Amino acid sequence: MARRDVFANITAPQGDIQERKAKPTYAAKGASRSMISSLNELAEKAALADQSLSGELIVELDTADLDSSFVSDRMSEDDAAYAELVEAIRDRGQDSPILVRPHPSDDSRYQIVFGHRRARAAKDLGLKVRAVIKDISDADHVIAQGQENSARQNLSFIERSMFAQRLLDLGYGKTTIQSALAIDAPMLTRMLSVSSRVPEAVAARIGPAKSIGRDRWIDFAQKIEKPSTKALVGKLVDEDRFGSLESDARFEFLMAEIGKADRPQKQPRNTGEWRAGDASVRAEFKGAGKSYSIALKSDQAAKFGRFITDNLERLHQEFLSSTNKEG
């Protein structure tokens with residue numbers, strides 16, 4: 001029986017493929033419902049990813065002959081998860097092969113399509129990496145990379161958004177990007193609304209922020225559009241206290257500081273103090289807007305206060321006379 005080409009959906013002409021609508025990554029309503037839906041979808045994708053190279057010719061390659069993909073889809077490595085992967089490969093070997101293609105500019109090398117972490121683990125263990133070699137185009141490369149990595153690792157919203165932006169900057173159409181991330185057009189619009197406004201350098205400093213979802217990133221993107229807020233964030237990400245935080249906490253820190261900066265500042269109060277030449281009376285005064293108050297401090301405060309009260313009309317006339325002269 002002839003073996004079915006599991007990469008037919010990547011390598012076949014587009015006209016021969018029945019178009020399938022991309023499934024949204026996020027449910028329209030309800031945080032719990034969205035989480036359950038996402039987890040179920042990831043589980044299904046992961047199962048398909050494990051089977052996608054089944055039956056293909058697997059070879060062993062020297063990791064020194066491999067180059068990374070031309071576009072990155074993740075911000076940082078999860079050290080704990082990577083350590084577990086290394087131990088798993090050390091104990092029972094590499095269960096799933098990686099996918100590579102002949103390097104587009106060097107016939108003696110290969111370019112990783114997906115499986116970067118497995119290739120790195122094999123390198124760290126001094127092993128060759130098990131791989132399937134497929135000659136595929138750049139567009140098919142990014143589609144396969146995006147779909148497989150989204151299935152194997154629950155990439156955060158900002159990681160997926162920045163990956164989409166990088167593909168857009170490289171000239172790929174929105175249909176290709178939607179296929180790579182298995183999302184629909186409205187979701188891609190939301191992702192690009194964030195990635196186009198949040199500087200990549202800032203997003204990289206924050207990191208994957210795994211627990212920060214779409215709505216909060218959209219809020220952050222709207223705030224950082226303000227030039228003064230962007231300048232503030234640019235300063236904050238260089239501070240030591242920012243660098244000492246975990247990724248999620250970095251996002252929360254920036255949002256808190258932005259909130260403080262957005263609060264209306266209290267108007268400065270005119271405050272002061274007056275003392276009599278003989279120090280027998282002290283007056284404290286403060287003013288804000290249309291209010292001005294004087295507090296007398298001395299044993300004779302009450303008596304002096306009544307004197308001022310009894311002479312308010314005269315003092316006011318003197319005030320008017322002085323202001324008229326100034327005018």
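**Notebook: a five-stranded sheet and three helices**

**Entry 1: the sheet.** I began with strand β2, which is joined to strand β4 (residues 110–114) by two bridges, the two strands running parallel. I note here that the model is a predicted one. For one of the partners I looked up Leu66, and its bridge partner in β4 is Tyr110.

I then traced the whole sheet. It is open, has five strands with mixed pairing, and follows the order β1-β5-β3-β4-β2. I recorded β1 (59–61) and β2 (66–67) as the edge strands, since each of them pairs on one side only.

Next I asked which strands helix α4 touches. Helix α4 (residues 116–124) packs on the sheet and touches β2, β3 (98–102), β4 and β5 (129–133). Its direction makes about 125° with the direction of β4.

**Entry 2: one residue of β5.** I selected Val132, which lies in strand β5. Is Val132 buried or exposed? Its relative accessibility is 1%, and buried means under 20%, so Val132 counts as buried. I also looked up its distance from Ser96: the two residues are 36 apart in sequence, and their C-alpha atoms are 10.0 Å apart in space.

**Entry 3: helices α8 and α10.** I turned to helix α8 (residues 185–195), which packs with α10 at an angle of about 40°, the axes being 9 Å apart. That angle makes α8 oblique to α10. The crossing in which α8 passes α10 is left-handed.

I listed the residues that meet. From α8 they are Met187, Arg190, Ser193 and Val194; from α10 they are Arg214, Trp217, Ile218 and Ala221. Sorted by class, this contact has five nonpolar residues, one polar residue and two charged residues.

**Entry 4: helices α10 and α13.** I then examined helix α10 (residues 214–224) against helix α13 (residues 247–262). They pack at an angle of about 45°, and their axes are 11 Å apart. How are α10 and α13 therefore oriented to each other? They are oblique. I recorded a left-handed crossing of α10 past α13.

On the α10 side, the contact involves Arg216, Trp217, Asp219, Phe220 and Lys223. On the α13 side, I found Phe251, Glu252, Leu254, Met255, Ile258 and Asp262. By class, the contact of α10 with α13 has six nonpolar residues, no polar ones and five charged ones.

I closed the entry with a note on Trp217 of α10: this residue meets α8, and Trp217 also takes part in the contact with α13.

Key: Residues are numbered from 1 along each chain as its sequence is written. This is a predicted model: local features need pLDDT of at least 70, side-chain atom pairs count only at pLDDT 80 or more; totals for chains, interfaces and linings use all residues. Side-chain values use heavy atoms; hydrogens and water are left out. Two strands pair if DSSP finds at least two bridges between them. Helices (H or I, at least four residues) and strands (E, at least two) are DSSP runs, numbered from the N terminus. Contact means heavy atoms within 4.5 Å. Axes are lines fitted to C-alpha atoms, for helices over the stretch in contact, and angles run from 0 to 180 degrees between N-to-C directions. Buried means under 20% relative accessible area, exposed over 50%, partly exposed in between (1.4 Å probe, protein chains only). Angles under 35 degrees count as roughly parallel, over 145 as roughly antiparallel, 65 to 115 as roughly perpendicular and the rest as oblique. A crossing is left-handed if the near helix is turned anticlockwise from the far one by less than a right angle, and right-handed if clockwise. Ala, Val, Leu, Ile, Met, Phe, Trp, Tyr, Cys and Pro count as nonpolar, Asp, Glu, Lys and Arg as charged, and the others, Gly among them, as polar.
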